[in-house]
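Biologist: Please take a close look at one part for me: the charged side chains that pair up. Walk me through them in one go, and finish with the aromatic rings.

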Amino acid sequence: MTASTTRRTTAARSRIAAVGAIAVAGALILTGCGDQTDKSDSSTETAKSNSAPLFSKLPKKIQDAGEIKVGTNAEYAPMESTEGGKIVGVDPDLADALAKQLGVKFTFTSGSFDGLITAVNSGRYDIAMSSITDNKQRQEGLDEKGKKLGEGVDFVDYFTAGTAIYVKKGNPKGIKGIDDLCGQTAAVQRGTTYETALKDQSKKCTDGGKKAINIESFDNDTEAQTRVKSGGAVAGINDYPVAVDLANKADGGKAFEVINKQYDAGPFGIVLNKKNTELRDVLKEAVDAIIKDGSYQKVLEKWGAQSGAIEQSAINGGK
């Protein structure tokens, strides 16, 4: 987000007032210079004392703050969820590993998923890290029809995942794939790539002479899950690792099951404002560093998310 500064100027009404104003201004300038020197010295000392490998490559603003503000939607276990008031999961643990490379902490705040990109571009967060699929639409700020929707963003890719269909345990409607959703009700979280996938599939249904999918979009994924569990929707659509975790853990593994394997796999990326290239580039270095030192793989193994491992990070690698 970009802060705006309002400047006010006052015209002098006499030479005496003008001279006085100049004298005061001079004093303020001298005072201001003194403050800046102190801050610069302090920053230099901080940089010298911080031994993290990539700290010196961070933007000065981040160095001075000692933190990276992260927007997330903590409703996607195992990627990110809330336990005991704390945000936990793959993304927070990867952020902890990145912090060791960068020498600053990552402070996570949970909000609505469909507002994360706007929040990054407005400056509320430095980055967003929330299982966000990197694609051209988001890079260029377009809607699903190619119309300009807003500012685009940059991505630093760190994981890969596809879309999965989950159904009520026992699969009472016999859903075998996405084609079977024609004429059926499916639940999904609003603003996600899999909501778009359902819309695309619904068009294929009608183009093929079948009934459209009745798509029910919710503000959060928990509501979509509840809809499937109650039988109001025959299936839910989600990221593959999230759907698998849900099937394994909900009601002790008795609530849901995942249909087949993932499809349309693509990268998850850390979201940044396009102007924030300095932070973007050092984050890519940091992701590559934790892949190389093994801490990346340990995090994925901890959460059972090894299927999403990548060998090297990329900037805007989504299609």
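Modeller: Start with a term. A salt bridge is a side-chain nitrogen of Lys or Arg within 4 Å of a carboxyl oxygen of Asp or Glu. Keep in mind that this model is predicted.

Now take Lys-249. Its side chain forms a salt bridge with Asp-245. The closest N and O atoms are 3.0 Å apart, and the cut-off is 4 Å. Both residues belong to helix α8, which covers residues 240-249. They are four residues apart there, so about one helical turn separates them. How exposed or buried are the two partners? Lys-249 has a relative accessible area of 53%. Exposed means over 50%, so Lys-249 counts as exposed. Asp-245 has 10% relative accessibility. Buried means under 20%, so Asp-245 counts as buried.

Next, a pair that links distant parts of the chain. Lys-302 and Asp-93 meet in a salt bridge, at 2.8 Å from N to O. Lys-302 sits in helix α10 (residues 295-302). Asp-93 sits in helix α3 (residues 90-102). The two are 209 residues apart. Lys-302 is exposed, at 57% relative accessibility. Asp-93 is buried, at 17%.

Then look at Arg-280 and Asp-281. Their side chains meet in a salt bridge too, with 2.9 Å from N to O. Here the Arg is the buried partner: Arg-280 has a relative accessible area of 16%. Asp-281, at 35%, counts as partly exposed. This pair belongs to a network. Salt bridges that share partners join Arg-280 and Asp-281 with Asp-154 and Lys-274.

How many salt bridges does a search of the whole structure find? It finds twelve. The three pairs above are among them.

Last, the rings. A pair of aromatic rings is described by the distance of the centres and the angle of the planes. Rings pair if their centres lie within 6.5 Å. By this rule there are three aromatic pairs. One of them is Tyr-166 with Phe-256, 5.4 Å centre to centre. Their planes stand at 85 degrees. Over 60 degrees counts as edge-to-face, so this pair is edge-to-face. Tyr-166 lies in strand β7 (residues 153-168). Phe-256 lies in strand β11 (residues 256-273). The pair links distant parts of the chain, 90 residues apart. Tyr-166 and Phe-256 are both buried.

Methods
Residues numbered from 1 in each chain as written. Predicted model: local features only at pLDDT ≥ 70, side-chain atom pairs only at ≥ 80, totals over all residues. Heavy atoms only, no water. Phe/Tyr/Trp six-rings, centres within 6.5 Å; stacked < 30°, edge-to-face > 60°. Buried < 20%, exposed > 50% of the residue type's maximum accessible area, 1.4 Å probe, protein only.
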